[in-house]
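I opened the notebook with a plain aim, to look up the overall layout, one sheet, the nonpolar cores and the aromatic rings, and to write down what I found in the order in which I looked.

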Amino acid sequence: MLSLQRFEGHPSWATGTTLIGDAEWHYVEIKAIIHDTTGSIEVRLDGSTEITFNGDTRNGGSGVINRLVVMREAAGFSSGDEIRQHDIYVCDSSGSVANNFLGPVRVGALFPSGSGNSTQWTPSAGSNYQTIDEAAPNGDTDYNESTTPGNIDTVAMGNLPVSAAAIYGIQHLTYARKTDAGARTLRQVIRSGGTNFEGPDLTVLDTYKYFLKTYTLDPATNAAWTESGINALEAGYKDQA
């Protein structure tokens with residue numbers, strides 16, 4: 001069963017009634033409003049409301065959710081048991097889209113599939129997209145680099161793995177570090193509708209770090225993403241300074 005707990009070792013807020021067995025996949029969604037007196041939590045299991053709670057959800061904390069933990073109750077749990085998670089999304093209440101329950105959704109990963117409109121960084125070997133097309137980054141095994149502010153690299157991305165009735169957004173991931181002294185910044189770039197759209201300045205460190213930016217709408221149309229728009233998308237980065 002699903003249970004809402006304040007934190008480990010304390011009584012739960014509420015517990016559901018549906019038994020969840022081993023080797024089963026279920027879709028769980030949680031919506032929380034943090035407040036000292038008028039807070040609320042709703043948990044949905046496979047699209048149906050399983051748990052509701054109304055009252056103090058702040059519990060003396062900061063009022064900000066900064067951690068998501070998925071765990072199985074310790075009783076009867078052995079080291080060989082597994083908890084598998086897939087298609088996790090997190091929304092907030094800002095904006096006009098993707099700010100409430102989305103229902104069953106799929107999170108797909110797209111990887112570089114070809115050179116894009118701009119290839120101004122220098123690849124360590126081969127083409128610029130070939131040095132960054134791994135499912136997991138391989139550090140300095142192969143890479144693209146730039147010493148010239150203003151240089152932009154974009155790469156074509158693979159198509160969506162399945163057709164989608166609705167697309168709620170994309171998340172652009174960039175993995176970068178600097179190799180010289182002094183401050184360096186980059187910007188993430190996506191190219192949609194024949195136009196480059198740049199993100200904010202990002203400080204690059206001596207060690208590799210992920211940079212993430214989410215676009216809930218296609219910046220070329222200011223409307224929801226379409227399958228054709230995603231499949232034509234280019235993603236990249238700019239040597240800002």
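The entries below go from the whole chain to single residues.

**Entry 1, the whole chain.** I note at the outset that this is a predicted model, and I read every value here as computed from that model. I looked up the secondary structure and found one helix and 15 strands. The protein has 241 residues, of which 28% count as buried, and its C-alpha atoms fill a box of roughly 60 × 40 × 40 Å along the principal axes. I then turned to the contacts between residues at least 6 apart in sequence, and 57% of these join residues at least 24 apart.

**Entry 2, the sheet of β3, β4 and β5.** In which order do the three strands of this open sheet lie? I recorded the order β3-β4-β5, with antiparallel pairing. The edge strands are β3 (28–33) and β5 (48–55), each of which pairs on one side only, and the twist from one strand to the next averages 10 degrees. I followed the chain from β3 to β4 and found a hairpin that joins them through five residues. Six bridges hold β3 against β4 (residues 39–45), the two running antiparallel; I noted two of the bridge partners by name, Leu45 for Val28 and Ile41 for Ala32.

**Entry 3, the nonpolar cores.** Which residues make up the largest nonpolar core? I listed nine, namely Leu2, Leu4, Trp13, Ala14, Ile41, Val43, Leu45, Ile51 and Phe53. Strands β2 (12–15), β4 and β5 each supply at least two residues of this core, and β4 gives the most, with three. As general background I wrote in the margin that nonpolar side chains tend to be buried together in soluble globular proteins.

I looked up Leu2 separately, leaving aside its neighbours within four places in sequence, and found it in contact with Thr15, Gly16, Ile20, Val28, Val43, Leu45, Glu50 and Ile51. I also marked a second, separate core of seven residues, which includes Ile170, Ile190, Tyr215 and Ile230.

**Entry 4, Ile41.** Ile41 had now come up both as the bridge partner of Ala32 and as a member of the largest core, and I gave it an entry of its own. Ile41 lies in strand β4. Why does Ile41 count as buried? Its relative accessibility is 8%, and the cut-off for buried is under 20%, so Ile41 falls within that class. Beyond its neighbours within four places in sequence, Ile41 is in contact with Leu4, Trp13, Ile30, Lys31, Ala32, Ile51, Thr52, Phe53 and Thr57. I also took one separation across the model: the C-alpha atoms of Ile41 and Gly116, which are 75 residues apart along the chain, are separated by 45 Å.

**Entry 5, the aromatic pairs.** How many aromatic pairs does the structure hold? I found three, and I looked up two of them in detail. Trp121 and Tyr237 form an edge-to-face pair, at 4.7 Å centre to centre and with 75 degrees between the planes. Trp121 lies in the loop between β6 (112–119) and β7 (122–123), whereas Tyr237 belongs to strand β15 (residues 234–239), so this pair ties together parts that are 116 residues apart in sequence. Trp121 and Tyr237 are both buried.

For Tyr175 and Tyr210 the ring centres are 4.7 Å apart and the planes stand at 45 degrees, so I entered this pair as tilted. Tyr175 is in strand β10 (residues 170–176) and Tyr210 in strand β14 (residues 209–215), so that the pair links distant parts of the chain, 35 residues apart. Are these two rings' residues buried or partly exposed? Tyr175 is partly exposed, with a relative accessible area of 36%, and Tyr210 counts as partly exposed at 40%. I added that ring pairs link Tyr175, Tyr208 and Tyr210 into a cluster.

**Entry 6, charges over rings.** Last, I looked for charged groups placed over aromatic rings. The charged end of Arg44 sits over the ring of Phe101, 3.8 Å from its centre. Lys213 lies over the face of Tyr215, at 5.1 Å from the ring centre, and I cross-referenced Tyr215 to Entry 3, where it is one of the residues of the second core.

Key. Residues numbered from 1 in each chain as written. Predicted model: local features only at pLDDT ≥ 70, side-chain atom pairs only at ≥ 80, totals over all residues. Heavy atoms only, no water. Pairing = 2+ DSSP bridges. Axes fitted to C-alpha atoms, helices over the stretch in contact; angles between N-to-C directions. Phe/Tyr/Trp six-rings, centres within 6.5 Å; stacked < 30°, edge-to-face > 60°. Buried < 20%, exposed > 50% of the residue type's maximum accessible area, 1.4 Å probe, protein only. Lys NZ or Arg CZ within 6 Å of the ring centre and 35° of its normal. Core = buried A, V, L, I, M, F, W, Y, C linked by side-chain atoms within 4.5 Å. Contact = heavy atoms within 4.5 Å.
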